[in-house]
Amino acid sequence: MFTSRRRITALFAVPIAAALLISCSTGGDASTGATPTSTAPPVATAEASAGAGADAGTDAGAEANGDQPTPGPELVRDAFAGLQATLDDSCATDCAYFLGRVHEELEGLDRAMKADPKGPGHFPEPIAWIEKLRTTLDGDTTYPNLKKHQTLLVGTRDRINTWMQDHPDDYR
């Protein structure tokens, strides 16, 4: 008899749990039945989140209630760290990956600099160098075009690295 009670409880508990899970995960508007679409950027890593704290504008009250804070734009220091991670890489092992990664890191740094509270005017040279690269690539980020412009791509990365080293307050 004890076993049959467990089975009955399980028969009722599973559909109720599934219904709750579905209703919690959709996040739709109950009055309209609309389900929101998300275009939010990827969630920051735990290390970046821990270092960001109040700088990223997190709402401690929302976190205490179990609500997830909306991730903001990537911080310049985090984007720059991603770019610096390419400094020891080269085309020696996987050139397509390397050039694509350098390009993506530069684009991420450009977005972070433009979204920084100091404003894009605080980063005029790096933003201009990335724009020159973007203009030269003319929207073609395929491997053959990145390989053709490898010197400009890697040179832009290196110039920005040097510039940022002279502006340590922007990435620490």
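The predicted model contains eight helices and zero strands. Read from the N terminus, the order of elements is α-α-α-α-α-α-α-α. Of the 172 residues of the protein, 26% count as buried. The protein exposes about 11400 Å², and carbon and sulfur atoms supply 58% of that area. Among contacts between residues at least 6 apart in sequence, 64% join residues at least 24 apart.

The largest nonpolar core comprises 24 residues. Within this core, the residues with the most contacts are L106, L109 and I160. Helices α4 (76–84), α5, α6 and α8 each contribute at least two residues to the core. The largest share, eight residues, is supplied by α5. With neighbours within four places in sequence set aside, L109 contacts V76, A79, F80, L83 and I160.

Several of these partners of L109 belong to the buried set of helix α4, which consists of V76, A79, F80, G82 and L83. Viewed down the axis of α4, these buried residues fall within an arc of 155 degrees, so they line one face of the helix. The cover over the buried residues of α4 includes α5 and α8. F80 of this set also relates to M164, a residue of helix α8: the C-alpha atoms of M164 and F80 are 8.2 Å apart, although the two residues are separated by 84 positions in sequence. M164 has a relative accessible area of 0% and is therefore buried, the limit for burial being under 20%.

A charged-residue position in helix α8 is R157. With a relative accessible area of 5%, R157 falls under the 20% limit and is buried. Apart from neighbours within four places in sequence, the contacts of R157 are L83, T86, L87, D89, F98, V102 and L106. Among them, L83 is one of the buried residues of α4, and L106 is one of the residues with the most contacts inside the largest nonpolar core.

Helix α5 (91–115) holds the disulfide of the model. The count of disulfides comes to one, formed by C91 and C95 with their sulfur atoms 1.9 Å apart. The two cysteines are four residues apart in helix α5, and so are separated by about one helical turn. The torsion about the S-S bond of C91 and C95 is about 50 degrees, which makes the disulfide right-handed. The two cysteines fall into separate accessibility classes: C91 is partly exposed at 21% relative accessibility, whereas C95 is buried at 11%. The value for C91 lies over the 20% limit for burial and that for C95 under it, hence the two assignments.

E107 also lies in helix α5. Its relative accessible area is 15%, under the 20% limit, so E107 counts as buried. Not counting residues up to four places away in sequence, E107 touches I130 and R134. I130 is one of the buried residues of helix α6.

Helix α6 covers residues 124–137. At 1.5 Å a residue, its 14 residues should span 20 Å, and the C-alpha atoms at its ends are 20 Å apart, so the expected span and the modelled distance agree. The buried residues of α6 are P126, I127, W129, I130, L133 and L137. These residues cover an arc of only 160 degrees around the axis, and therefore lie on the same side of α6. The face turned away from this buried side carries the exposed residues K132 and T135. The buried residues of α6 are covered by elements including α5, α7 (143–148) and α8 (150–165). After α6 comes D138, whose phi is positive, near 55 degrees.

Helices α5 and α8 thus recur as cover: both are included in what covers the buried residues of α4, and both are included in what covers those of α6.

Terms used: Residues numbered from 1 in each chain as written. Predicted model: local features only at pLDDT ≥ 70, side-chain atom pairs only at ≥ 80, totals over all residues. Heavy atoms only, no water. Expected span 1.5 Å × (residues − 1). Buried < 20%, exposed > 50% of the residue type's maximum accessible area, 1.4 Å probe, protein only. Arc of directions from axis to C-beta. Contact = heavy atoms within 4.5 Å. Areas by Shrake-Rupley, 256 points an atom, 1.4 Å probe, with all protein chains shown as cover. Disulfide = S-S within 2.5 Å. Core = buried A, V, L, I, M, F, W, Y, C linked by side-chain atoms within 4.5 Å.
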